[in-house]
Amino acid sequence: MTSSIQKTLQEKNAEYASKFTQGHLALPPAKQYLILTCMDARIDPAAAFGIDLGDAHVIRNAGGSAIDGQRSIIISEQLLGTKEIILIKHTGCGMLTFTNEDAHGLVKKNLGPSASAETANLDFLPFSNLEDAVRRDVDFLKSSATVPDSVTISGWIYEVETGKVRQVV
């Protein structure tokens, strides 16, 4: 059975595809950079950060985590030629609202002992201070052997309340 969300996806895609003219774009991002940001539904990276189709890779995960995004970063740089990383966390992030203990407790309560055992060593990567989290992730990237010294790295905060960004690092 098709859900209403799936139906909307099909309808909106048909509308999009009927006007689509960008099938010629190259696989590597034209401007050779990547944005690493949160999966939060209030962030529209293309609109908020001025990204045209084909310009950049956009990597999204809970909290805009560099650790969680490392696999995609390596692929973007080593296989597809990106030379700059722009890490953007945001105000009001859900990752500010819980601890690892909270998350593990919810998994055990809601998903049971098998899921709890499966995720026992999982770090959900929560943080309690937004600016510190940006600095830690930028430091992680700069010190990682998987990110060449030639790669430019900066860290930013997007304000979901105003739509503005400010540079932290």
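How many bridges join strand 4 to strand 5, and do the two run parallel or antiparallel? Three bridges join them, and the strands run antiparallel. Two strands count as paired if DSSP finds at least two bridges between them. The model is predicted, so local features need pLDDT of at least 70 and side-chain atom pairs count only at pLDDT 80 or more, while totals for chains, interfaces and linings use all residues. Residues are numbered from 1 along each chain as its sequence is written, and side-chain values use heavy atoms, with hydrogens and water left out.

Start with the whole chain. It has six helices and five strands. Helices (H or I, at least four residues) and strands (E, at least two) are DSSP runs, numbered from the N terminus. Along the sequence the pattern reads α-β-α-β-α-β-α-α-α-β-β. The C-alpha trace spans about 50 × 50 × 35 Å along its principal axes. Of the 169 residues, 35% are buried. Buried means under 20% relative accessible area, exposed means over 50%, and partly exposed lies in between (1.4 Å probe, protein chains only). Contacts often reach far along the sequence: among those between residues at least 6 apart, 66% join residues at least 24 apart. A contact means heavy atoms within 4.5 Å. The chain exposes about 10,400 Å², and carbon and sulfur atoms supply 54% of that area. Accessible areas come from the Shrake-Rupley method with a 1.4 Å probe; for residues, only the protein chains shown count as cover.

Now look at strand 4. Five of its seven residues are buried, so the strand is largely enclosed by the rest of the structure. Seven bridges join strand 4 to strand 3 (residues 84–90), and these two run parallel. Here lysine 89 has isoleucine 157 in strand 4 as its bridge partner. Towards strand 5, tyrosine 158 is partnered by valine 165. Strands 4 and 5 form a hairpin with six residues between them. In the turn, glycine 163 has a positive phi of about 80°.

Valine 160 sits in the loop between strand 4 (152–158) and strand 5 (165–167). Its relative accessible area is 21%, so valine 160 counts as partly exposed. Leaving aside neighbours within four places in sequence, valine 160 contacts Arg42, His90 and Thr91. Isoleucine 43 is 117 residues away from valine 160 in sequence, yet their C-alpha atoms are 7.3 Å apart.

Next comes the interior. The largest nonpolar core has 30 residues, and Ile73, Ile85 and Leu141 touch the most other members. Strand 1 (33–38), strand 2 (56–61), helix 3 (66–79), strand 3, helix 6 (130–143) and strand 4 each supply at least two residues of this core. Such a core is a set of buried Ala, Val, Leu, Ile, Met, Phe, Trp, Tyr and Cys residues joined through side-chain atoms within 4.5 Å. Isoleucine 85 touches several residues more than four places away in sequence, among them Leu34, Ile73, Leu141 and Ile153.

Charged pairs form another set of links. Side chains of opposite charge can pair when their charged atoms come close. The whole structure holds seven salt bridges. A salt bridge is a side-chain nitrogen of Lys or Arg within 4 Å of a carboxyl oxygen of Asp or Glu. Aspartate 55 and lysine 31 form one, with their closest N and O atoms 3.6 Å apart. Aspartate 55 lies in the loop between helix 2 (45–49) and strand 2, and lysine 31 in the loop between helix 1 and strand 1, so the pair ties together parts 24 residues apart in sequence. Aspartate 55 is buried, at 8% relative accessibility, whereas lysine 31 is exposed, at 52%.

Aspartate 137 and lysine 89 form another salt bridge, at 2.9 Å between the closest N and O atoms. Aspartate 137 belongs to helix 6 and lysine 89 to strand 3, so this pair ties together parts 48 residues apart in sequence. Both residues are buried.

Within helix 6, arginine 135 and aspartate 132 meet in a salt bridge (3.7 Å, N to O). They are three residues apart, and therefore separated by about one helical turn. Arginine 135 is partly exposed, at 34% relative accessibility, and aspartate 132 is partly exposed too, at 36%. A network of salt bridges links Glu131, Asp132, Arg135, Glu159 and Arg166.
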